[in-house]
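Have the sequence and the 3D view side by side. We will walk through the fold one piece at a time.

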Amino acid sequence: MTVALAAPPVSTSRFQLRCAGRADEAELRALLRRSLIPGDISVTFERVPDFLDVCLIQGDTQVGIGCDAETGRIVGMGTRSIAAAFVNGMRHDIGYLADLRLEPRHRNGTLVARGYRLLRQMHADRRVDMYTTVIFASNQLALGTIASGRAGLPRYDDMGIVHCPGINVRGRKPPIAAGCEFRHGSVAMLDEIVDCLNRHNARRQFAPVHSVADFGPGGRWKDFAPSDFHVAVRNKRVVGVAGVWDQRRFKQTRIVSYAPHLGAAVPFVNALRRLTGGPRYARSGEYLRYAFLSFVAVDDDDESVCRALVRAAYNDQVGRDRVYLLMAVHERDPQLRLLRDYSITPFQARLFCVSFEDGAAAVAALDSRVPHVEAALL
């Protein structure tokens, strides 16, 4: 749920920093819509119809905002979320920092540093000792400022590259045999599915701790049904799962512009796709048609089972109105190898572990488990 900040607002001569409330929701959505994420494909990440409701999937969330003191207009924002995750194989509450947006004319001022003062106030509740955050590789401004070790900001420890490709959904591919039976999930299978997820996630750093309630009505994973799972069963035991999560009813990605070398090709590619029956690529101003490949978990990282599950999920999407299946996988994760089976549109980010002074020991104690990032939470 979204919670209020107990600490008083931070006031400056020009800006007031505070925790957002329900009355700010429409303006938060407007800020997201006008906040461009640059790159060869420039996009905006939007949250319609309700930004605050979407925060539920990230955990218990506070939204910090910076307002122009004269007009009251929101010019910057960021979120701090708390949820249970596996750290060194044990359940541990950690934080997640996301949705940092700042209007361009304020990016060279002191508003970022003041925003981190507000984050420090939030952190005073001592509910967590570390945070994770993901910064896209194209966002050089963020990589060169907040993740640069600048004085007064929390420490950012680089945890490596996260590959965030779009698997291009084209024609069906041959099924992959793995000595398993494959079926769609069901409510009756949820206990076993959750057990499989948690067995796998305990071998990863920062992976979510799941519960059956997360997948039920009103649960954390909004609009994800048990039947959205593809399940591998061997000897009557669930040994692997992979989910397909369509979040477009509450999270959207809008294409603002293509780099010239890509934009020129889009009409020709779309003409070809009309002939082959494939879904067309979005034009500038349109929304991407995609779903997330989520909750991929396989006992003992069995590569054949993982490849077979992803193949089943991929084939199930062919013929639907989706151009991509989006996923996230760390550069050290063995799941990265399965991408060789597909045509992909590459995208990269960097994962950071963020801490204040009281979290230094916890970060130093992290073991060598492969970090986990869930694409659907980015």
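What follows is a tour of a few strands, a helix, some aromatic rings and a handful of single residues. Keep in mind that this is a predicted model.

Start with strand β4, residues 60-68. How many of its residues are buried? The count is 9 of the 9. The strand is therefore largely enclosed by the rest of the structure. In a regular strand the side chains alternate between the two faces of the sheet. Now look at both faces of β4. One side carries Asp60, Gln62, Gly64, Gly66 and Asp68. The other side carries Thr61, Val63, Ile65 and Cys67. Every one of these residues is buried, so both faces are covered.

Next, find the partners of β4. Strand β2, residues 15-19, runs antiparallel to β4, and 5 bridges join the two. Phe15 stands opposite Asp68 of β4. Strand β5, residues 74-87, also pairs with β4 in the antiparallel sense, here over 8 bridges. Thr61 has Ser81 of β5 as its bridge partner. Between β4 and β5 the chain makes a hairpin with 5 residues between the strands. Gly72 in this hairpin takes a positive phi near 80°.

Stay on β5 and pick out Arg80, which lies in this strand. Is Arg80 buried or exposed? Its relative accessible area is 1%. Buried means under 20%, so Arg80 counts as buried. Its side chain has polar contacts. One reaches the backbone oxygen of Met122 at 3.3 Å. Another, of 3.0 Å, joins the side chains of Arg80 and Tyr131. Leaving aside neighbours within four places in sequence, Arg80 is in contact with residues including Asp60, Thr61 and Gln62. Leu119, Met122 and His123 are also among its contacts.

Some of those names lead to helix α3, residues 111-123. Check its length. At 1.5 Å a residue, its 13 residues should span 18 Å. The end C-alpha atoms are 18 Å apart, which agrees. An α-helix has 3.6 residues a turn, so residues three or four places apart point the same way. Which residues of α3 are buried? They are Leu111, Arg114, Tyr116, Leu118, Leu119, Met122 and His123.

Just past the end of β5, stop at Asn88. This residue lies in the loop between β5 and β6. Its phi is near 55°, a positive value in a residue other than glycine. Asn88 has 25% relative accessibility, so it counts as partly exposed.

Go back along the chain to another loop. Pro49 is found between β3 and α2. The peptide bond from Val48 to Pro49 is cis, with omega near 20°. Phe51 then sits in helix α2, residues 51-54. At 2% relative accessibility, Phe51 counts as buried. Leaving aside neighbours within four places in sequence, its contacts include Leu28, Leu32, Val63 and Met77. Now compare sequence with space. Phe51 and Lys251 are 200 residues apart in sequence, but their C-alpha atoms are 8.6 Å apart.

Turn to the aromatic rings. A search of the whole structure finds 16 aromatic pairs. One of them joins Phe215 and Phe295 edge-to-face, at 5.5 Å centre to centre and 80° between the planes. This pair links distant parts of the chain. Phe215 is in the loop between β11 and β12, while Phe295 is in strand β15, 80 residues apart. Both are buried. Phe224 and Phe229 make an edge-to-face pair too, at 4.9 Å centre to centre and 75° between the planes. Phe224 is buried at 5% relative accessible area, and Phe229 is buried at 0%. These four rings belong to one aromatic cluster, which also holds Trp221 and Trp245.

Look at the loop between β11 and β12 again, because Asp223 is found there. Its phi is near 65°, a positive value in a residue other than glycine. At 32% relative accessibility, Asp223 counts as partly exposed. Lys222 lies over the face of Phe250, at 5.6 Å from the ring centre.

Finish with His372, in the segment after β20. It counts as buried at 14% relative accessibility. A polar contact of 3.4 Å joins the side chains of His372 and Glu374. Farther off in sequence, His372 is in contact with Arg204, Gln205, Phe206, Ala207 and Pro208.

Definitions and conventions:
Residues are numbered from 1 along each chain as its sequence is written. This is a predicted model: local features need pLDDT of at least 70, side-chain atom pairs count only at pLDDT 80 or more; totals for chains, interfaces and linings use all residues. Side-chain values use heavy atoms; hydrogens and water are left out. Helices (H or I, at least four residues) and strands (E, at least two) are DSSP runs, numbered from the N terminus. The expected span of a helix is 1.5 Å times one less than its number of residues. Buried means under 20% relative accessible area, exposed over 50%, partly exposed in between (1.4 Å probe, protein chains only). Two strands pair if DSSP finds at least two bridges between them. Rings of Phe, Tyr and Trp (its six-membered ring) pair if their centres lie within 6.5 Å; planes under 30 degrees apart count as stacked, over 60 as edge-to-face and the rest as tilted. A charge sits over a ring if NZ of Lys or CZ of Arg is within 6 Å of the ring centre and within 35 degrees of the ring normal. A polar contact is a pair of N or O atoms within 3.5 Å; within protein, one must be able to donate a hydrogen and the other to accept it, and residues adjacent in sequence count only if both atoms are side-chain atoms. Contact means heavy atoms within 4.5 Å.
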